[in-house]
Amino acid sequence: MIEIILMLFGEAVMVFGALGILRFPDVYTRLHAATKCDTGGAMSIILALILIMDAPAVVRAKFLVLAFLIAMINPMVSHAIARGAYRYGVKPKVVVDMYAWDNP
């Protein structure tokens, strides 16, 4: 039962993240939506797959390592992309630009 809940949650996060990518106005908010897809959606689906599949423990451990790597690497990569876009000159469409305050 919990695997079905995890799978549905992961699919819902993926759908809402895809809608966010389509609807949000600039690269930073779209990147935020994409990061939610990767982190929340993919991890929930991977955890559901670990519970559903009938596989050896080694395969399940590999899926756990994959989920751990997604949780660790995805925020760093999205931060690097956002920082690179900002330094390249892509300005956010927001009222307050706090990154500019810290990095004049």
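This is a short tour of a predicted model, stop by stop, for you to follow in your viewer.

**Stop 1: the whole chain**

Begin with everything shown as a cartoon. You should find 4 helices and 0 strands, and reading from the N terminus the order of elements is α-α-α-α. How spread out is the protein beside a compact globule? Its radius of gyration is 17 Å, while the globule rule gives 13 Å for 104 residues, so the protein is more spread out than a compact globule. If you align the view to the principal axes, the C-alpha trace spans about 55 × 25 × 15 Å.

Now switch on a surface. The protein exposes about 7300 Å², and carbon and sulfur atoms supply 74% of that area. Of the 104 residues, 24% count as buried. For those who like contact maps: taking contacts between residues at least 6 apart in sequence, 63% join residues at least 24 apart.

**Stop 2: the N terminus**

Select Met-1, which sits in the segment before α1 (2–23). Is Met-1 buried or exposed? Met-1 is exposed, with a relative accessible area of 68%, because exposed means over 50%. Add Leu-51 to the selection and draw a distance between the two C-alpha atoms: Met-1 and Leu-51 are 50 residues apart in sequence, and 9.7 Å separates them in space.

**Stop 3: the α2 and α3 pair**

Next, select residues 27–52 for helix α2 and residues 57–88 for helix α3. Two packed helices are described by the angle between their axes and the distance between the axes. Here the axes come within 9 Å and cross at roughly 180°. Angles over 145 degrees count as roughly antiparallel, and α2 and α3 are therefore roughly antiparallel to each other. Colour the residues of this contact by type and you will get 18 nonpolar, 4 polar and 2 charged.

**Stop 4: Thr-35 and Asn-74**

Stay with these two helices and show two side chains as sticks. Thr-35 belongs to helix α2, and Asn-74 to helix α3. Thr-35 is buried, with a relative accessible area of 13%. Asn-74 also counts as buried, at 13% relative accessibility.

What does Thr-35 touch, not counting residues up to four places away in sequence? Its partners are Gly-40, Asn-74 and Ser-78. Turn to Asn-74 and set aside its neighbours within four places in sequence: Asn-74 is in contact with Thr-35, Asp-38, Thr-39 and Leu-69.

**Stop 5: the loop and Arg-60**

Slide along to the loop between α2 and α3, and pick Ala-55 there. Ala-55 counts as partly exposed, at 23% relative accessibility. For a sense of scale, draw a C-alpha to C-alpha distance to Gly-40: Ala-55 and Gly-40 are 15 residues apart in sequence and 24 Å apart in space.

Finish with Arg-60, in helix α3. Arg-60 is partly exposed, with a relative accessible area of 27%. Which residues is Arg-60 in contact with, leaving aside its neighbours within four places in sequence? They are Ile-50, Met-53, Asp-54 and Ala-55, so you meet the loop residue Ala-55 once more. One last distance to draw is from Arg-60 to Ile-46: these residues are 14 apart in sequence and 9.6 Å apart in space, C-alpha to C-alpha.

Conventions:
Residues are numbered from 1 along each chain as its sequence is written. This is a predicted model: local features need pLDDT of at least 70, side-chain atom pairs count only at pLDDT 80 or more; totals for chains, interfaces and linings use all residues. Side-chain values use heavy atoms; hydrogens and water are left out. Axes are lines fitted to C-alpha atoms, for helices over the stretch in contact, and angles run from 0 to 180 degrees between N-to-C directions. Angles under 35 degrees count as roughly parallel, over 145 as roughly antiparallel, 65 to 115 as roughly perpendicular and the rest as oblique. Ala, Val, Leu, Ile, Met, Phe, Trp, Tyr, Cys and Pro count as nonpolar, Asp, Glu, Lys and Arg as charged, and the others, Gly among them, as polar. Buried means under 20% relative accessible area, exposed over 50%, partly exposed in between (1.4 Å probe, protein chains only). Contact means heavy atoms within 4.5 Å. The radius of gyration is taken over C-alpha atoms; the globule rule is 2.2 Å times the number of residues to the power 0.38. Accessible areas come from the Shrake-Rupley method with a 1.4 Å probe; for residues, only the protein chains shown count as cover.
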